[in-house]
Amino acid sequence: MANIAIQRIKREFKEVVKSEEVAKCNIRVEPKNDNFTELRGEIQGPPETPYEGGMYILDIKIPETYPFNPPKVQFVTKIWHPNISSVTGAICLDILKDQWAAAMTLRTVLLSLQALLAAAEPDDPQDAVVAKQYKENLEMFNTTARHWANVYAGATKREVECDSKIQQLKNMGFEEHKARVALSTYNWNVERAMEHILT
Amino acid sequence: MSQEMKSQCSDEYHSSDEDMDEDINNYYEDMGDDNDVNEIQEDDPESFEFELLKVEDVERLLNESVETLCKAINVAPSLAKLLLHMQKWLSTDVIARYRQDSSKLLRDSRLAPTNVVQVCNSPFTTCPVCLQRCPAEIMSGLTCGHRFCNDCWQQHFAVQIQTAVSTGIECMFKDCCVLVPEDFVLQIVTNPKIRDKYQEFCFRDYVNSHPELRFCPGPNCSTVIRATERKAKRVVCKECNTCFCFRCGIDYHAPTDCDTIKKWLTKCADDSETANYISAHTKDCPKCHVCIEKNGGCNHMQCSKCKHDFCWMCLGDWKTHGSEYYECSRYKENPNIANESAHAQAREALKKYLFYFERWENHAKSLQLEEQTLDNIKKRIEEKVMNNSGTWIDWQYLLDAAFLLKKCRYTLQYTYPYAYYLDKGPRKSLFEYQQAQLEAEVENLSWKVERAEITDRGDLENQMDIAEKRRLTLVRDFLEL
Ligand SMILES: [Zn+2]
Ligand SMILES: [Zn+2]
Ligand SMILES: [Zn+2]
Ligand SMILES: [Zn+2]
Ligand SMILES: [Zn+2]
Ligand SMILES: [Zn+2]
């Protein structure tokens with residue numbers, strides 16, 4: 001990796017990422033290897049959102065040309081959000097693309113992601129299915145997002161009805177995550193979800 | 001501008017006292033566009049004045065604009081250039097707006113920030129990108145006041161230029177959109193390869209933002225076309241022979257307008273699967289059912305076995321075509337379609353599209369086949385001249401006929417997308433009438449050109465005259481300018 005990229009990351013760790021301010025916002029980042037090309041990020045779901053109480057793990061890759069090109073960031077923790085793929089964890093966020101500026105830091109990125117969890121942009125979706133639900137049935141979306149936060153991110157609020165419908169499909173021999181995706185996609189309509197899995 | 005680079009779409013006919021070989025060569029290069037037998041000039045709806053510029057000519061032209069602006073409003077040349085680029089090279093407009101409110105114009109053009117940052121005067125500051133403490137003399141910045149070390153600038157520029165960004169390079173600060181002028185980049189970037197690339201990309205951006213300029217879309221052609229009005233007119237690049245529309249840059253498409261032809265081409269690309277079966281090169285003779293291959297451009301077919309004359313498109317009897325050609329080129333919509341089921345409507349829509357697509361495609365193919373006819377004519381003339389059977393001048397009319405045929409068929413091809421999108425009504429009826437007239441005369445001309453040596457010269461020239469008149473009438477009545 002280019003000299004400047006390593007230097008920059010190291011300084012970011014020393015001066016920015018480990019600051020008290022960062023701790024207060026409940027974001028964290030740590031290196032996965034010695035040469036700082038791969039990092040593990042963590043953000044806490046913001047309060048008063050379906051993600052509240054959840055902890056989201058991020059996979060961060062630092063390109064050779066950092067900070068002149070943005071880091072590559074993906075959600076490892078599964079999440080139900082219009083701008084994040086429910087399948088791959090890929091993120092649609094302008095600062096990770098053409099709105100990146102070299103003076104931004106990992107801290108800016110993590111805080112922006114946290115802000116994205118608090119304010120989705122359904123008109124610029126990464127996951128069309130999720131975005132559709134968000135726009136057409138916000139209550140259903142919130143329920144689904146809370147359920148995913150509970151199951152995958154350790155948030156405490158359980159969605160009992162969702163759990164029981166998944167159990168229903170599991171009892172019929174369907175795999176749990178597959179059942180969850182199908183039910184989430186078809187607004188928790190058990191029959192349509194089954195139809196979808198079977199076709 | 002050198003005089004010989006000046007050009008006009010409907011050039012004068014070649015004088016006969018020039019070197020004949022040279023003349024013929026020019027002729028081939030001209031693609032027949034200057035082959036106006038009728039010499040209709042003043043009210044030629046397709047005539048268009050343009051210039052072909054070389055890269056140096058364009059650079060000179062742009063620099064002149066920059067100099068003029070610098071003198072008028074007293075700004076640095078590099079800033080003036082970016083200002084002109086951002087304001088589409090409308091010098092007078094820029095000068096007026098600058099005098100009215102210079103800071104607003106600079107902000108609107110992203111050459112000044114919305115709010116300026118206080119520049120810190122301490123001898124050492126931290127570069128916000130590499131986070132290193134740097135002495136003030138190796139830090140620099142733009143009008144926004146954001147300062148970074150020169151190493152960071154250099155790498156920023158390299159990364160941007162690598163992804164073909166040039167005039168659009170911005171300050172490195174978060175949410176700062178101030179653009180970096182050319183001289184700032186060139187002061188920092190030392191690598192000659194990257195400098196060259198940067199200047200090349202800038203040039204491309206300047207031409208693209210200039211309303212009077214357009215790159216020739218021909219492969220590997222660096223010619224730039226200049227015309228004072230951005231109209232949907234025919235431009236022919238003399239360097240590479242590409243013939244295109246000045247307004248949208250794709251193949252010339254009269255009488256269809258730019259938006260419609262784009263829609264049509266997208267539709268054809270999307271529906272290519274559906275339309276694939278049309279590409280058949282053989283059909284059966286409607287009378288004796290022998291298989292007939294189409295090997296010329298002409299749609300007037302004659303069965304080699306039973307000598308039956310028929311139309312390749314609709315397989316109708318050719319004898320009735322003279323008077324009823326209308327029925328061949330016009331799509332007859334089901335008048336009750338609005339009351340039919342959605343399924344029937346979809347089928348009807350597809351049928352309609354295929355009708356027009358088939359004709360569009362067929363003329364495109366005929367054009368290719370006519371290219372061969374043209375080659376054959378050239379060869380035959382060469383043989384004749386070699387055998388002292390007349391001179392090039394004697395046989396010139398055959399080439400003229402073949403070129404004119406191409407031109408007429410080209411227009412005819414582009415009448416089909418026009419008709420496809422035209423709403424039902426008297427205008428469509430008139431269009432289809434003229435289209436049918438043109439179609440009939442084009443096929444007559446095609447028939448005669450393929451049999452040129454056994455056709456009487458006067459007869460052939462008469463047919464050329466009729467076909468071109470039909471073409472011009474249609475273009476004049478329907479080409480929207
Ligand atoms: Zn700035
Ligand atoms: Zn720096
Ligand atoms: Zn060209
Ligand atoms: Zn056009
Ligand atoms: Zn026959
Ligand atoms: Zn026909």
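In which strand of chain B is S140(B) found? The residue belongs to strand β5, which covers residues 139–141 of chain B. The model examined here is a predicted one, and S140(B) offers a handy place to start looking around it. With a relative accessible area of 15%, S140(B) falls under the 20% limit and is therefore buried. Setting aside the neighbours within four places in sequence, its contacts include H146(B), R147(B) and F148(B). N150(B), W153(B), F184(B) and I188(B) are also among the residues in contact with S140(B).

A metal site comes next. The zinc ion (ligand 2) is held by the SG atoms of C127(B), C130(B), C149(B) and C152(B), at 2.3 to 2.4 Å. The angles subtended by the four donor atoms run from 102 to 122 degrees, so the arrangement around this zinc ion (ligand 2) is tetrahedral. Read along the sequence, the donor residues follow the spacing C-x2-C-x18-C-x2-C. Within this set, C130(B) and C149(B) link distant parts of the chain, as 19 residues separate them. C130(B) sits in the loop between β3 (124–126) and β4 (133–135) of chain B, whereas C149(B) lies in strand β6 (residues 147–149) of chain B. C130(B) counts as buried because its relative accessibility is 4%, and C149(B) counts as buried with a relative accessibility of 4%.

A further site in chain B binds another zinc ion (ligand 4), and here a histidine takes part. The donors are C245(B) (SG), C248(B) (SG), H253(B) (NE2) and C258(B) (SG), at 2.1 to 2.4 Å. Why is the arrangement around the zinc ion (ligand 4) tetrahedral? The four donor atoms subtend angles of 106 to 112 degrees, and this makes it so. Along the sequence, the spacing of the donor residues is C-x2-C-x4-H-x4-C. Two of these donors can be followed up: C245(B) is buried at a relative accessible area of 0%, and H253(B) is buried at 2%.

Attention now turns to the nonpolar residues. In soluble globular proteins, nonpolar side chains tend to be buried together. The largest nonpolar core of the model has 59 residues, and those with the most contacts inside it are C127(B), V129(B), C152(B), W153(B) and F157(B). Elements that give two or more residues to this core include α2 (55–73), α3 (77–86), α4 (91–100) and α5 (102–108) of chain B. Strand β6 is also one of them, as are the helices α6 (150–162), α7 (182–188) and α8 (192–209) of chain B. Leaving out neighbours within four places in sequence, F157(B) touches I169(B), V180(B), F184(B), V185(B), I188(B) and V189(B). Another core, of 40 residues, lies apart from the largest one, with A5(A), I27(A), A101(A) and A149(A) among its members.

Finally, some wider divisions help to place these details. The domain assignment splits chain B into domain 1 (55–108), domain 2 (124–190) and domain 3 (258–277 + 345–478). The centres of domain 2 and domain 3 of chain B, taken over C-alpha atoms, are 57 Å apart. An unreviewed UniProt entry places the feature "domain: RING-type" at residues 123–332, 127–171 and 288–328 of chain B. Residues 127–171 of chain B are 29% helix and 20% strand, and their end C-alpha atoms lie 13 Å apart. For chain A, the UniProt annotation "domain: UBA", again from an unreviewed entry, covers residues 161–199. That span of chain A is 77% helix and 0% strand, with its end C-alpha atoms 25 Å apart.

Conventions
Residues are numbered from 1 along each chain as its sequence is written. Chains are lettered from A and ligands numbered from 1 in the order in which they are written. This is a predicted model: local features need pLDDT of at least 70, side-chain atom pairs count only at pLDDT 80 or more; totals for chains, interfaces and linings use all residues. Side-chain values use heavy atoms; hydrogens and water are left out. Helices (H or I, at least four residues) and strands (E, at least two) are DSSP runs, numbered from the N terminus. Buried means under 20% relative accessible area, exposed over 50%, partly exposed in between (1.4 Å probe, protein chains only). Contact means heavy atoms within 4.5 Å. Donors are N, O and S atoms within 2.8 Å of the metal (3.2 Å for Na, K and Ca); water is not among the atoms, so sites may look incomplete. Four donors count as tetrahedral if all angles lie between 85 and 135 degrees; four count as square planar and six as octahedral if opposite donors are over 155 degrees apart and all others between 65 and 115; anything else is irregular. UniProt positions are given in the numbering used here, feature names are shortened, and annotations may be inferred rather than shown by experiment. Domain bounds come from an automatic or database domain assignment. A nonpolar core is a set of buried Ala, Val, Leu, Ile, Met, Phe, Trp, Tyr and Cys residues joined through side-chain atoms within 4.5 Å.
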